[in-house]
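Me: I'm new to this one. Can you walk me through it?

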Amino acid sequence: NSSLSAELASKGGYRDNKTTLTASINKLRGNWRKQPLSGNAAIKLDGQNLDLDTLDLRLGDNHLTASGKLHGSDLDLNYTADGKQLAALYPGLGGNLRGKGKLSGKLTNPAIESQLSGQNLAWGAHKIASLQATLATSLKKGGRFTNRIELQGVQSGGQKWRSIDLTSDGNYDRHNLSLRSTGGDADDGEQMLERAGDLHDE
């Protein structure tokens, strides 16, 4: 069973073909899946400009914060996540995951910068002992396309890998992809796949 309570406040209107709104959620309290839940949030809307002044949520030992804005098609959002107990979020999840990052640029082709770190991750029968990721991807012409994802102790589909590393280097127009794995079908041998390519707008 779950129960929630909060203080809600909002004001706004429609004038000169423009909608304005200020809304907040304060003193959010309760429980979700037998875990304590708390937080607050505040947003402002002025026509096509949306501001997330604050988002601060805690569920058990998990904590998420975010703030930013979407003005027209211009995006600027920052987040931090500390998922010490993923099992509290959804049945079948396990382990812990921490990260921070930023979304910027245009909504149709954003730039993504993020760092992620996880241990003992699980989703049903799929398991990852360790995850480290650094992402820097800009989905526009000439944008940065430098990413690295390192996995250790992977189990999935009845196979086991000691390590899987995926890296990309270059930019949106011209980049190299590299995949290295140890284990799986190679019976603990090392496999490597490299590819050069480019991405184009639709």
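Reply: Here is a quick tour, taking the pocket, the core and a few single residues in turn. Keep in mind that this is a predicted model.

Me: OK, pocket first. How much space lies in the largest pocket?
Reply: About 200 Å³. It is lined by 13 residues. Closest to its centre are Leu 93, Leu 121, Ala 122, Trp 123 and Ile 128.

Me: Which elements give two or more residues to that lining?
Reply: Strand 7 (93–106), strand 8 (109–123), strand 9 (126–138) and strand 10 (145–156).

Me: And how do the lining residues divide into nonpolar, polar and charged?
Reply: The lining has 8 nonpolar residues, 4 polar and 1 charged.

Me: Switching to the core. Which residues make up the largest nonpolar core?
Reply: There are 8: Leu 86, Leu 121, Leu 131, Ala 133, Leu 151, Val 154, Trp 161 and Ile 164. Strand 9, strand 10 and strand 11 (159–170) each supply at least two of them.

Me: Tell me about Trp 161. What is it in contact with, leaving aside neighbours within four places in sequence?
Reply: Trp 161 is in contact with Gly 153, Val 154 and Ser 156. It also meets Ser 181, Thr 182, Gly 183 and Gly 184. Val 154 is listed in the core too.

Me: Now Ser 114. Where is it?
Reply: Ser 114 sits in strand 8.

Me: Buried or exposed, and why?
Reply: Ser 114 is buried, because its relative accessibility is 5% and the cut-off for buried is under 20%.

Me: What does its side chain reach at 3.3 Å?
Reply: The side chain of Ser 114 reaches the backbone oxygen of Lys 100. Beyond four places in sequence, Ser 114 touches Tyr 79, Lys 100, Gly 101, Ala 133, Thr 134 and Leu 135. Ala 133 is also a member of the largest nonpolar core.

Me: What about Ser 138?
Reply: Ser 138 is in strand 9. It counts as buried, since its relative accessible area is 9%. Not counting residues up to four places away, Ser 138 is in contact with Pro 110, Ala 111, Gly 143, Arg 144 and Tyr 172.

Me: Last one, Asn 31. Where is it found?
Reply: Asn 31 belongs to strand 2 (residues 18–32). Asn 31 is partly exposed, with a relative accessible area of 25%.

Me: What separates the C-alpha atoms of Asn 31 and Gly 157?
Reply: 35 Å between those C-alpha atoms. Along the chain, Asn 31 and Gly 157 are 126 residues apart.

Technical notes
Residues are numbered from 1 along each chain as its sequence is written. This is a predicted model: local features need pLDDT of at least 70, side-chain atom pairs count only at pLDDT 80 or more; totals for chains, interfaces and linings use all residues. Side-chain values use heavy atoms; hydrogens and water are left out. On a 1 Å grid over the protein atoms alone, a cavity is a set of points where a 1.4 Å probe fits but cannot get out, and a pocket is an open set with protein on both sides within 12 Å along at least five of seven lines; lining residues have an atom within 4 Å of a point. Grid points are joined across faces, edges and corners, and a volume is the space filled by probe spheres set on the points. Helices (H or I, at least four residues) and strands (E, at least two) are DSSP runs, numbered from the N terminus. Ala, Val, Leu, Ile, Met, Phe, Trp, Tyr, Cys and Pro count as nonpolar, Asp, Glu, Lys and Arg as charged, and the others, Gly among them, as polar. Buried means under 20% relative accessible area, exposed over 50%, partly exposed in between (1.4 Å probe, protein chains only). A polar contact is a pair of N or O atoms within 3.5 Å; within protein, one must be able to donate a hydrogen and the other to accept it, and residues adjacent in sequence count only if both atoms are side-chain atoms. Contact means heavy atoms within 4.5 Å. A nonpolar core is a set of buried Ala, Val, Leu, Ile, Met, Phe, Trp, Tyr and Cys residues joined through side-chain atoms within 4.5 Å.
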